[in-house]
Amino acid sequence: MSSFSIVTDTGCDMPAALAAKLDITAVPLKVIVAGKSFDCTLSPLNIGHQSFYDLLRNGVDVKTASPSIDDYDRYFRRELDRGKDVLYIGFSTGLSGAYNVAKIAAEELRAEYPERQIMTVDSRCGSMGQSLLLHYAVQRQREGASLKETYDFTKSLRHHVCHWFTLDDLGHLKKGGRISAAKAVVGSIMNIKPVLKVNHEGRLEIAYKARGKRLAVAKLVEQMGEHYYPDGNEIVFINHADCPEDADLLARSITKNYGITNFVISEIGPVLGAHSGPGALAVYYIGTEK
């Protein structure tokens, strides 16, 4: 049994069953729907019969927030009290303030638990890119790597976790302050679908503009040929914002072009979904560079 636990936050969008299989603990971020705050766990958000994405389509006001220091304290302390060290792999600082809150909680607990180690990694990743990084960190942990070895491995691998995605429009990113108003205009012109990536700093970057969703999906597949490790991608993660048919099309196209057949496909959670809006589609894999 490993001497340390891996903790993350729900910015990872990891399916709950996979988190249980990997023994991953996730600190909940917050989503505020029409003024009411919910803990965004890895299980589906309980907001009644209407789907989260239907609420966005209907213009319901949705905001997001980081966990509190007390939230992180509670989750870290639980592992420390079990006699475990902690490796926290958090949501990119380029997308959220959650990691910085976690660092404060970790620093306070180091003084209280001098015999234990708490190490933190800014994943420079988000959504299932963060999950993919966690997947490989757990793999290294289960191979017998120490806390420091897993920490160093994770800090190195984060620069090779590719995030590519397309959105129906950029309005939700603009509303959440993730991009400028000027950049958001592109998504509303002539059925242009922006294709974005997460860069080395863990920030969003518009890479291409495609005319229509099918061409945007084709671009997601095409760019994989320029970056992915042919021998290093035994698994590819895909997620979507209430467009499962598009996710299936993307997986089939990747299989046809690259022979990859091992996928984890899931829905984008409310924290990321509040900023992507309905119709977002993303692929994550290990590549030569982000």
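# Close-up views of a predicted model

**Figure 1. Pro 28 and the residues around it.** Leaving out residues up to four places away in sequence, Pro 28 touches Thr 10, Asp 39, Cys 40, Thr 41, Pro 67 and Tyr 75. As in every view here, what you see is a predicted model. Pro 28 sits in the loop between β2 (25-27) and β3 (29-33). Is Pro 28 buried or exposed? With a relative accessible area of 9%, Pro 28 is buried. While you are here, look across to Ser 68 as well: Pro 28 and Ser 68 are 40 residues apart along the chain, and their C-alpha atoms are separated by 9.7 Å.

**Figure 2. Cys 40, a cysteine without a disulfide.** Cys 40 is one of the residues that Pro 28 touches, so this view follows on from the last one, and Cys 40 is itself buried, at 3% relative accessible area. Why does Cys 40 form no bond with Cys 12? The sulfur of Cys 12 is the closest cysteine sulfur to that of Cys 40, yet the two are 9.6 Å apart, which is too far for a bond. A disulfide here would need the two sulfur atoms within 2.5 Å. The search of the whole structure likewise finds zero disulfides.

**Figure 3. Lys 213 in helix α9.** Here the focus moves to Lys 213, which lies in helix α9 (residues 213-227). Lys 213 counts as buried, because its relative accessibility of 17% falls under the 20% cut-off. Which backbone oxygen does the side chain of Lys 213 reach? That of Gly 279, at a distance of 2.8 Å. Setting aside neighbours within four places in sequence, Lys 213 is in contact with Thr 166, Asp 168, Lys 193, Cys 243, Asp 246, Gly 279 and Leu 281. One of these contacts, Cys 243, is buried too, with a relative accessible area of 6%.

**Figure 4. The open sheet of six strands.** Following the sheet across, you meet its six strands in the order β10-β9-β8-β13-β11-β12, with mixed pairing. The edges are held by β10 (204-211) and β12 (263-267); each has a single partner strand, so one side of each is left without a neighbour in the sheet. From one strand to the next, the twist averages 20°. Within this sheet, strand β8 (residues 161-166) pairs with strand β13 (residues 281-286) in the antiparallel sense, over six bridges. To find your place along this pair, look for Trp 164, which stands opposite Val 283 in β13.

**Figure 5. The open sheet of four strands and its helices.** This sheet has the strand order β2-β1-β6-β7, and its pairing is parallel. Which strands stand at the edges? They are β2 and β7 (118-122), each with a single partner strand, so one side of each is left without a neighbour in the sheet. The twist here averages 25° from one strand to the next. Strand β6 (residues 85-90) and β7 pair in the parallel sense over five bridges, and Gly 90 has Asp 122 in β7 as its bridge partner. Two helices complete the view. Helix α4 (residues 98-112) lies across β6 and β7, running at about 165° to β7. Helix α5 (residues 127-142) lies across β1 (4-9) and β6, and runs at about 180° to β1.

**Figure 6. Asp 23 and Ala 34, two residues with a positive phi.** Most residues other than glycine have a negative phi. Asp 23 is not a glycine, yet has a positive phi of about 60°. Asp 23 lies in the loop between α1 (16-22) and β2. Ala 34 also has a positive phi, near 50°, in a residue other than glycine. Where is Ala 34? In the loop between β3 and β4 (36-40). Asp 23 is exposed, with a relative accessible area of 60%, and Ala 34 is exposed as well, with a value of 60%.

**Figure 7. Stepping back to the whole protein.** Finally, here is the setting for the close-ups. The protein has 11 helices and 13 strands, and 57% of its 290 residues count as buried. Its accessible surface comes to about 12600 Å², with 49% of that belonging to carbon and sulfur atoms. Among contacts between residues at least 6 apart in sequence, 76% join residues at least 24 apart.

Notes: Residues numbered from 1 in each chain as written. Predicted model: local features only at pLDDT ≥ 70, side-chain atom pairs only at ≥ 80, totals over all residues. Heavy atoms only, no water. Pairing = 2+ DSSP bridges. Axes fitted to C-alpha atoms, helices over the stretch in contact; angles between N-to-C directions. Buried < 20%, exposed > 50% of the residue type's maximum accessible area, 1.4 Å probe, protein only. Contact = heavy atoms within 4.5 Å. Areas by Shrake-Rupley, 256 points an atom, 1.4 Å probe, with all protein chains shown as cover. Polar contact = N/O pair within 3.5 Å; in protein donor to acceptor, adjacent residues only side chain to side chain.
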